[in-house]
Amino acid sequence: MALDDVVRTTITGPRIEEAMYRTLRWIDRCIAAHKKPDVQNLFGIVQGGLDPVLRDICVRGLVERNLPGYAIGGLSGGEDKDSFWRIVAQCTAALPEDKPRYVMGIGYPLDIVVCSALGADMYDCVYPTRTARFGTALVPEGVLKLKHKAMASDERPIDPTCPCMVCKNYTRAYIHCLVTKDAMGSQLLSYHNLSYMMRLSKDLHTSIVEGRFPEFVRSFLRAQFPKGDVPEWVCNAMEVAGIDISACCAPFPSSMNDFAEEFAA
């Protein structure tokens, strides 16, 4: 990854523009200093905060340098989800389709599915292991908090559909006992959570290759939101991505129809 000047998306004013132009200057210095282009792919990082104009300037500047891959940086810094997905959509639409597009710091399963629908390819985050340290497991329905008292007598595995070593050998009750007393509980949950993320990524990738990604998205959302209460920002993002999830969430506001038409143009 090229060195970039990243500032929180909640910051406004000239500091955002300063950071974006510094990032563009630094990519040229990174390219000049890159000694192993035959074995290392140098990625540039799109900055610009939540300003669409600055993001566009940065994207165009990086694309002009014809890099092996591109990252979208500066997100997951406290911004609202509506701003988050719009920036991702803007950047992925402007970056080359034949180069990897990497959204930095994204680890929530819902965010990964949404960003993939918007055209992103790669992600990284400490979330699966960090949330494990707090006693939380990732499951198809969302999260399962193993520290809750209700888990103390639950003899089921974390996820009956999961083939990982933890789900095959340990009950929720046993892990509940561990996470409140022993570091081994966090280690077992980390193992499970990483297994969950690997299966999610594999299933997501396979659905794209087999041409059934829209159905994968709908199945994912039905599991996460069985009552149909899909967040509005997800519904709006899927409309822009061209994926029909009308059976999963409430109708779109008319203002978002206008945005979708403008984005497509």
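Phenylalanine 84 has a relative accessibility of 1% in this predicted model, so phenylalanine 84 counts as buried, the limit being under 20%. The residue is found in helix 3. Leaving aside residues up to four places away in sequence, phenylalanine 84 touches Leu75, Glu79, Ile106, Asp111, Cys115 and Trp233. The C-alpha atom of phenylalanine 84 is separated by 13 Å from that of proline 231, and these two residues are 147 residues apart along the chain.

**Aromatic pairs and a charge over a ring**

How many aromatic pairs does a search of the whole structure find? The search finds four. One of them joins phenylalanine 84 and tryptophan 233, with 6.3 Å from centre to centre and 75° between the planes. This pair counts as edge-to-face because planes over 60 degrees apart are classed that way. The partners come from distant parts of the chain: phenylalanine 84 belongs to helix 3 (residues 81-94) and tryptophan 233 to helix 10 (residues 232-241), 149 residues apart. Phenylalanine 84 and tryptophan 233 are both buried.

Tyrosine 170 and tyrosine 174 form another aromatic pair, which is stacked, with 5.3 Å between the centres and 15° between the planes. Tyrosine 170 counts as partly exposed because its relative accessibility is 28%. Tyrosine 174, at 41% relative accessibility, also counts as partly exposed.

The ring of phenylalanine 84 has a further partner in lysine 81, whose charged end sits over this ring at 4.9 Å from its centre. Lysine 81 is likewise found in helix 3. With a relative accessibility of 29%, lysine 81 counts as partly exposed, whereas phenylalanine 84 is buried. Lysine 81 touches Tyr108, Asp111 and Trp233, again not counting residues up to four places away in sequence. Asp111 and Trp233 are also among the residues that phenylalanine 84 touches. Between the C-alpha atoms of lysine 81 and threonine 23, which are 58 residues apart along the chain, the separation is 24 Å.

The accessibility values of individual residues are listed here.

| Residue | Relative accessibility | Class |
|---|---|---|
| Phenylalanine 84 | 1% | buried |
| Tyrosine 170 | 28% | partly exposed |
| Lysine 81 | 29% | partly exposed |
| Tyrosine 174 | 41% | partly exposed |
| Asparagine 66 | 56% | exposed |

**Helices 4 and 10**

Helix 4 (residues 109-117) is mostly covered, with nine of its nine residues buried. These buried residues are Pro109, Leu110, Asp111, Ile112, Val113, Val114, Cys115, Ser116 and Ala117. They pack against helix 3, strand 4 (122-123), helix 5 (127-133), helix 8 (183-209), helix 9 (213-224) and helix 10. Asp111 and Cys115 of this group are among the residues touched by phenylalanine 84. After helix 4 comes glycine 119, which has a positive phi near 110°.

Helix 10 is largely enclosed by the rest of the structure because seven of its 10 residues are buried. The buried set consists of Trp233, Val234, Cys235, Asn236, Ala237, Met238 and Val240. Helix 10 is followed by glycine 242, and the phi of glycine 242 is positive, near 80°.

**Helices 1 and 2**

How are helix 1 and helix 2 oriented relative to each other? The axes of helix 1 (residues 14-33) and helix 2 (residues 52-64) come within 10 Å and cross at roughly 0°. Angles under 35 degrees count as roughly parallel, and helix 1 and helix 2 are therefore roughly parallel to each other. On the side of helix 1, the contact involves Ile16, Glu17, Met20, Tyr21, Leu24 and Ile27. These residues meet Leu54, Ile57, Cys58, Gly61 and Leu62 in helix 2. Sorted by class, the contact comprises nine nonpolar residues, one polar and one charged.

**Asparagine 66**

The loop between helix 2 and strand 2 (69-72) contains asparagine 66. Although asparagine 66 is not a glycine, its phi is positive, at about 50°. Is this residue buried or exposed? Asparagine 66 is exposed because its relative accessible area is 56%, and the class begins over 50%. The C-alpha atoms of asparagine 66 and glycine 44 are separated by 9.7 Å, with their positions 22 residues apart along the chain counted as the distance apart.

How values were computed
Residues are numbered from 1 along each chain as its sequence is written. This is a predicted model: local features need pLDDT of at least 70, side-chain atom pairs count only at pLDDT 80 or more; totals for chains, interfaces and linings use all residues. Side-chain values use heavy atoms; hydrogens and water are left out. Rings of Phe, Tyr and Trp (its six-membered ring) pair if their centres lie within 6.5 Å; planes under 30 degrees apart count as stacked, over 60 as edge-to-face and the rest as tilted. Helices (H or I, at least four residues) and strands (E, at least two) are DSSP runs, numbered from the N terminus. Buried means under 20% relative accessible area, exposed over 50%, partly exposed in between (1.4 Å probe, protein chains only). A charge sits over a ring if NZ of Lys or CZ of Arg is within 6 Å of the ring centre and within 35 degrees of the ring normal. Axes are lines fitted to C-alpha atoms, for helices over the stretch in contact, and angles run from 0 to 180 degrees between N-to-C directions. Angles under 35 degrees count as roughly parallel, over 145 as roughly antiparallel, 65 to 115 as roughly perpendicular and the rest as oblique. Contact means heavy atoms within 4.5 Å. Ala, Val, Leu, Ile, Met, Phe, Trp, Tyr, Cys and Pro count as nonpolar, Asp, Glu, Lys and Arg as charged, and the others, Gly among them, as polar.
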